[in-house]
Amino acid sequence: TELSLIRNFSIVAHIDHGKSTLADRLIQMTGTVAQRDMKAQLLDSMDIERERGITIKANTVRIEYPAKDGKTYILNLIDTPGHVDFAYEVSRSMRAVEGSLLVVDASQGVEAQTLANVYQALDAGHEIVPVLNKIDLPAADPDRVKQNIEDVIGLDASDAVPISAKTGLGIPEVLEAIVTRLPAPQGDRDAPLKAMLVDSWYDPYLGVVVMLRVMDGVVKKGDRIRMMQTNAVYGIDKLAVLKPQMVDIPELGPGEIGIFTASIKQVRDTKVGDTVTHERKGTEEPLPGFKPSVPVVFCGLFPVDAADFEPLRDAIEKLSLNDASFSTEMETSAALGFGFRCGFLGLLHLEVIRDRLEREYDLDLITTAPSVVFKLYMKDGEVRDLHNPADMPDLTLIDHVEEPRIKATIMVPDEYLGDVLKLCQDRRGIQLDLSYAGQRAMVVYDLPLAEVVFDFYDRLKSVTKGYASFDYTISEYREDHLVKMSILVNDEPVDALAMMVHRDRAESRGRGMVEKLKDLIPRHMFKIPIQAAIGGRVIARETLSAMRKDVTAKCYGGDASRKRKLLDKQKAGKKRMRQFGKVEIPQEAFISALKMD
Ligand code: GDP
Ligand code: MG
């Protein structure tokens with residue numbers, strides 16, 4: 001295709017401002033999908049995405065549009081994930097296109113993710129067309145929101161396109177704006193092949209599917225190509241464009257976006273942002289700025305029923321085929337048995353994977369408290385990554401500990417500002433900036449990621465009745481007074497409950513945990529101390545009193561006979577009791593103790 005007839009773009013928006021609905025409407029109005037095949041939110045293919053209204057994997061669609069100038073254009077829409085956890089994927093896919101539609105809900109205005117996403121688009125050098133959506137709503141105030149876009153983002157919004165993605169009003173104007181206001185791609189057909197790996201996923205029928213954007217050169221079916229980062233060489237079996245269903249195509253030239261398959265075994269072999277070139281006479285220069293996405297939040301996933309370990313292993317293997325940023329490693333815990341230590345891009349990513357395991361694979365899981373990756377500076381000069389608090393070495397060997405900090409941007413109506421500031425302050429936040437746009441405040445905080453992965457989203461939502469929006473980027477690792485807190489039941493440490501905490505917060509966290517456990521652990525024949533400790537020092541303690549004599553017949557106790565113990569052991573599977581020294585703790589106690597509330 002001639003470059004001047006191509007337009008590549010993405011849609012950036014805060015969640016719920018109508019990105020998916022607009023994409024559907026563009027697809028529908030251009031007849032890309034037959035009316036009878038049209039279903040809501042066509043591009044959000046996974047059920048869980050649809051339910052939660054988020055888009056996780058970048059998707060794309062090729063639209064043919066006969067414009068008013070009499071020419072037919074090819075519009076490639078890349079649907080980028082809208083959530084902070086996937087910021088790296090967003091920033092890469094942004095570099096695969098030249099322009100963005102900035103969708104802002106005309107009844108709401110600019111929100112935190114609008115800002116974060118539009119900055120990424122500007123970073124990628126995009127031309128931006130502002131679109132004011134939901135003008136059918138009585139509360140819509142397009143003039144105010146235009147002003148809001150200019151004040152907060154500093155973008156000229158005088159030519160913003162007012163639309164209703166719901167009713168279809170203004171959609172023809174959006175299509176014309178894409179053609180007339182966004183630039184055509186550039187590229188050299190005769191140069192060596194240089195293409196960006198935009199996304200990859202596992203398809204049960206086709207195996208690994210790779211999406212790419214050609215910058216220079218031409219790629220054809222049958223070509224032998226090389227991934228420059230991994231140095232792997234493959235032969236292209238299938239080359240296609242997405243409409244959004246796959247339609248085979250003999251070649252892709254500069255400015256074009258499509259997919260290929262090449263008998264690639266694992267999604268892990270394909271790195272988003274990598275450069276694809278020909279095996280022979282390829283380019284010498286990869287595209288700039290490649291970095292792999294690294295997991296930042298870790299937690300343990302254990303089957304509630306030990307018999308589910310193999311099915312869990314299976315399910316995890318399948319899911320990681322489809323998600324290169326999800327890392328796993330086997331883990332054993334005295335409390336929870338066999339399971340996996342898993343790494344995620346963020347808390348939402350964690351929730352999505354856990355949900356899919358439970359739903360699609362019908363597994364009951366225990367999730368241990370999410371933890372970030374701490375950097376341990378050892379006295380001998382070594383620097384270690386700590387993924388699991390249970391692996392924390394002896395304090396005397398450690399010089400200092402660093403934790404990841406984030407730069408968080410929160411936008412909130414005036415009346416909730418006080419509560420938001422208090423919440424951030426409580427979470428060891430440092431205020432960096434505070435400004436206003438109309439009735440809304442925008443605060444920027446430096447916060448420890450560890451405090452945010454705990455339950456920050458939920459708290460923020462509840463103190464602002466859902467009116468705050470939040471976005472963050474990881475800024476740096478910084479030293480703080482961080483220690484491992486152990487929980488001891490009857491003087492035995494319980495590995496699954498160990499956590500890293502700030503020294504100043506240790507007492508209150510510890511007290512909370514021992515109080516909770518006191519209610520959760522059944523009484524035994526003897527007194528049971530429940531303690532929180534740092535190193536050898538106890539910082540919180542509760543004592544579970546002994547059971548009275550007259551109920552001994554029914555209890556599973558410390559001084560039971562050998563036979564009795566054997567029987568108990570047999571029953572343990574069903575009752576899911578875990579033995580800690582002389583104490584038995586029901587599995588439910590762990591589940592409740594680990595619940596984030
Ligand atoms: P996304 O999160 O940005 O993809 O937003 P969606 O496209 O999923 O839309 C969020 C909600 O807003 C859905 O309930 C849509 O039906 C609704 N919505 C989208 N566009 C419009 C519109 O123009 N008018 C109205 N009234 N509702 C809309
Ligand atoms: Mg959506």
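User: Before I look at single residues in this predicted model, what does it take for a residue to count as buried?

Analyst: Buried means a relative accessible area under 20%, exposed means over 50%, and partly exposed is in between. In this predicted model, Gly 18 has a relative accessibility of 10% and therefore counts as buried; Gly 18 sits in the loop that runs between strand E1 (6-13) and helix H1 (19-29). Thr 21 belongs to helix H1 and, at 26% relative accessibility, counts as partly exposed.

User: Which residues does UniProt list under "binding site"?

Analyst: The UniProt entry, which is unreviewed, lists Asp 16, His 17, Gly 18, Lys 19, Ser 20, Thr 21, Asn 133, Lys 134, Ile 135 and Asp 136 under that heading, so that the list includes both Gly 18 and Thr 21.

User: How many helices and strands does the protein chain have, and what share of its residues is buried?

Analyst: The secondary structure of the chain comprises 13 helices and 34 strands, and of its 597 residues 55% are buried. If one takes the contacts between residues at least 6 apart in sequence, 69% of them join residues at least 24 apart. The accessible surface of the chain is about 26500 Å², and carbon and sulfur atoms account for 48% of that surface.

User: How should I read a single helix, and which residues of helix H5 are buried?

Analyst: In helix H5 (residues 142-152), the buried residues are Val 145, Asn 148, Ile 149 and Val 152. They lie on the same side of H5, because the arc they cover around the axis is only 100 degrees. On the face turned away from that buried side, H5 carries the exposed residues Asp 143 and Asp 151. The partners against which the buried residues of H5 pack are strand E4 (99-105), helix H4 (112-123), strand E5 (127-133), strand E24 (398-413) and strand E25 (430-437).

User: How are two packed helices described, and at what angle do H1 and H6 pack?

Analyst: Two packed helices are described by the angle between their axes together with the distance between those axes. For H1 and helix H6 (residues 171-181), the angle is about 85 degrees and the axes are 10 Å apart, and the two helices are therefore roughly perpendicular to each other. Leu 22, Arg 25, Leu 26 and Met 29 of H1 make the contact with Ile 171, Pro 172, Val 174 and Leu 175 of H6.

User: Which residues is Glu 251 in contact with, once its neighbours within four places in sequence are left aside?

Analyst: With those neighbours left aside, Glu 251 is in contact with Arg 189, Val 218, Val 219, Lys 220, Leu 239 and Glu 256. Glu 251 and Leu 239 are 12 residues apart in sequence, while their C-alpha atoms are 7.1 Å apart in space. Glu 251 lies in strand E14 (residues 251-252) and counts as partly exposed at 25% relative accessibility.

User: What should I know about the backbone, and where is the cis peptide bond?

Analyst: Most peptide bonds are trans, and most residues other than glycine have a negative phi. Here a cis peptide bond, with omega about -10 degrees, joins Lys 243 and Pro 244, and Pro 244 is in the loop between strand E12 (238-242) and strand E13 (246-248). Ser 263, which is not a glycine, has a positive phi of about 50 degrees and lies in the loop between strand E15 (257-261) and strand E16 (275-278). Lys 281 likewise has a positive phi, near 55 degrees; Lys 281 is in the loop between E16 and strand E17 (297-303) and is exposed, with a relative accessible area of 79%.

Methods. Residues numbered from 1 in each chain as written. Chains lettered and ligands numbered in written order. Predicted model: local features only at pLDDT ≥ 70, side-chain atom pairs only at ≥ 80, totals over all residues. Heavy atoms only, no water. UniProt positions renumbered as here; feature names shortened; annotations may be inferred. Helix = DSSP H or I, 4+ residues; strand = E, 2+ residues; numbered from the N terminus. Buried < 20%, exposed > 50% of the residue type's maximum accessible area, 1.4 Å probe, protein only. Contact = heavy atoms within 4.5 Å. Areas by Shrake-Rupley, 256 points an atom, 1.4 Å probe, with all protein chains shown as cover. Arc of directions from axis to C-beta. Axes fitted to C-alpha atoms, helices over the stretch in contact; angles between N-to-C directions. Parallel < 35°, antiparallel > 145°, perpendicular 65-115°, else oblique.
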